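Subject: Structure handed over, with notes on what was found

Dear colleague,

Please find below the sequence and structure that I am passing on to you. My notes on a few of its regions follow directly after it.

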Amino acid sequence: MKRTILASGAVRRLRVPGLLALALALSLPLAAAQSARQTTLVMGGDFSDLISLDPGVSYEFTGSLLTGNLYDTLVGFEGNDLSRVRPRLASSWKITPTASGSQITFTLRSAKFSTGRPVTAADVVYSMNRVISLKSPSSFLLTDVANLKIGSVTAPNASTVVFDIPKTANPNIVLALLTFNVGGVIDSTEAKAHEQGGDFGSGWLRDHSAGSGPFVLNRWDRSAQVALDANPNAFRRSINIKRVILRYMLESSAQQTALNSGEIDVAWDFTPDAFNAAQSNPKLKALKTGTFQMSYLGMNSAKGQPFEDPRLREAVRYAIDQDGIVKSLLQGLGRKVQTIIPLGLAGSNPATPYPYDPAKAKALLTAAGKPNGFDVDFLVSTGSCSGGVPCQDLAAKIQADLAKVGIRANIKQMVNAELLTAYRAQKAPLIQVSWSPDYPDADGNGTPLADYNAHSLAWRNGWNNPEASKLAQAAAIEIDQTKRVALYKQLTELLVKEGPYAILYQPYKPIVASASVVGFVRNANGDVQLEKIAKK
């Protein structure tokens, strides 16, 4: 089954060779079709988590990947270097102390949106206020982490933006979080033109773009493909690649076949077996990319929910055979961790206090009044899970481990978009999912996983622990690095004992590309700068 790119940007499957299909659809000679294919990058993967392409709303892995290429932020990271932020829309900035906290003053470079309009400080103010007003899944980054409100971001002139940061927020963390989706600057004129019912244009921006990034959205055919075109007005301009297509291919086997046939250029979800085989194939590049991601079980701990009793949560942690998952399923594409800050970030805690101990798990069940175990619905994604493991295989392993101690997990598979919608509504009794910090700082996990008031992961799992919230908030604003690491040690020790999570592993991301693809870099934050990729 091959694909063809239509003049409208649509992608359809035809039973004809890919290059011939392209030529027929565009009424081009084969030579011209070959040229078009040379400037088109096709990626196949499980992109079913995509819910919206609005940078102020999107909060999923695929959404972050795409919005990072559709929209520019004031500052960003370059390649694999996540140690310091660098200029993007802001050519420079300075942090100055104030009586109430601090100020970050940004000076904007000359840049244009894909519409041709200039990027102004007013657009930045609108974009930040918009995120705060939308109360989207990622709004907490501005309201709860940066402690911003309407009026905190101002524009003294068209090329200057000032962020007033209160003492309750760390300006260095604010800089880091502005590299994430919520920092994406939108063409305010375009967004306002498509506003409906006070939605700040979010309905239209779900499947349209109005940014200054290196690409513009051509179209999103849900559950089929997303097509991006190079933005001729971008200052981060794509030189070689003129079109990028993300094709929905949930199964690793389909990705392998498509990559080997030349139908796609990059496969997003190779299994560990297939990845190991690809390493010895000279026609392929096997990229073992690092991540700050964590695969975990979320346990609904709200009153009346299955895991309200902390002893039941501990029982799950003792019941899971982590070594079996890491060694047998992942085959080296993951590391064993049990605390909430990923390895590689200051504040991570390598402690693993929960060995595989089914007897201990059973004793905890008995102590909690569940000597015969209990039944629980287990929400699981279709497609591939982190580390390239098929989600159904990981779920089957966990289900078998839990069954040995009397916890009968009823697997309910659903596509990622549906899974995340249920999770965000606090309707996941037990869920198998992954999390990655929105910015490379311990607070990217500390606040969402520990502070119920942030309305993120702790909230989704119904876990409200005032001590954890206090520790997370204190660690977030602590400037002294030694004191900060000490606070995160307290927080991680509290969470690993009482929290609503069973951390499964910290994965590597196995990506396999054609040997003709050059310049492909995926950093540990999950970002890929598509404009830097070429095909030789």
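Leaving aside its neighbours within four places in sequence, which residues is Ser-514 in contact with? Before answering, I should say that this is a predicted model, so please read everything below in that light. With those neighbours left aside, Ser-514 is in contact with Leu-259, Asp-265, Lys-283, Leu-284 and Lys-285. Ser-514 belongs to strand E21, which covers residues 509-514, and because its relative accessible area of 18% falls under the 20% cut-off, Ser-514 counts as buried. Its side chain also makes a polar contact, at 2.9 Å, with the side chain of Ser-516.

One of those contacts, Leu-259, leads on to helix H9, which spans residues 252-261 and whose buried residues are Ser-252, Gln-255, Ala-258 and Leu-259. These residues cover an arc of only 125° around the axis, and they therefore lie on the same side of H9. As background, an α-helix has 3.6 residues a turn, so residues three or four places apart point the same way. The face of H9 turned away from that buried side carries Thr-257 and Asn-260, which are exposed. As for what covers the buried residues of H9, the list includes strands E3 (40-45), E13 (266-267) and E14 (284-289), together with E21, the strand in which Ser-514 is found. After H9 comes Gly-262, which has a positive phi, near 90°.

Turning to the cysteines, the structure holds one disulfide, formed by Cys-385 and Cys-391, whose sulfur atoms are 2.1 Å apart. The link between Cys-385 and Cys-391 is right-handed, with 110° about the S-S bond. Both partners fall under the 20% cut-off: Cys-385 counts as buried because its relative accessibility is 13%, and Cys-391 is buried because its relative accessible area is 0%.

Finally, you may wish to look at Arg-460, which lies in helix H17 (residues 457-460). What is the nearest side chain of opposite charge to Arg-460, and how many Å away is it? It is Glu-60, 6.8 Å away, and Arg-460, although buried, has no salt bridge. Not counting residues up to four places away in sequence, Arg-460 touches Tyr-59, Asn-300, Tyr-423, Arg-424 and Gln-426.

With best wishes

Key:
Residues are numbered from 1 along each chain as its sequence is written. This is a predicted model: local features need pLDDT of at least 70, side-chain atom pairs count only at pLDDT 80 or more; totals for chains, interfaces and linings use all residues. Side-chain values use heavy atoms; hydrogens and water are left out. Helices (H or I, at least four residues) and strands (E, at least two) are DSSP runs, numbered from the N terminus. Buried means under 20% relative accessible area, exposed over 50%, partly exposed in between (1.4 Å probe, protein chains only). Lys and Arg count as positive and Asp and Glu as negative; His and the chain ends are not counted. A salt bridge is a side-chain nitrogen of Lys or Arg within 4 Å of a carboxyl oxygen of Asp or Glu. Contact means heavy atoms within 4.5 Å. A disulfide is a pair of cysteine sulfur atoms within 2.5 Å. A polar contact is a pair of N or O atoms within 3.5 Å; within protein, one must be able to donate a hydrogen and the other to accept it, and residues adjacent in sequence count only if both atoms are side-chain atoms. The arc is that of the directions from the helix axis to the C-beta atoms.
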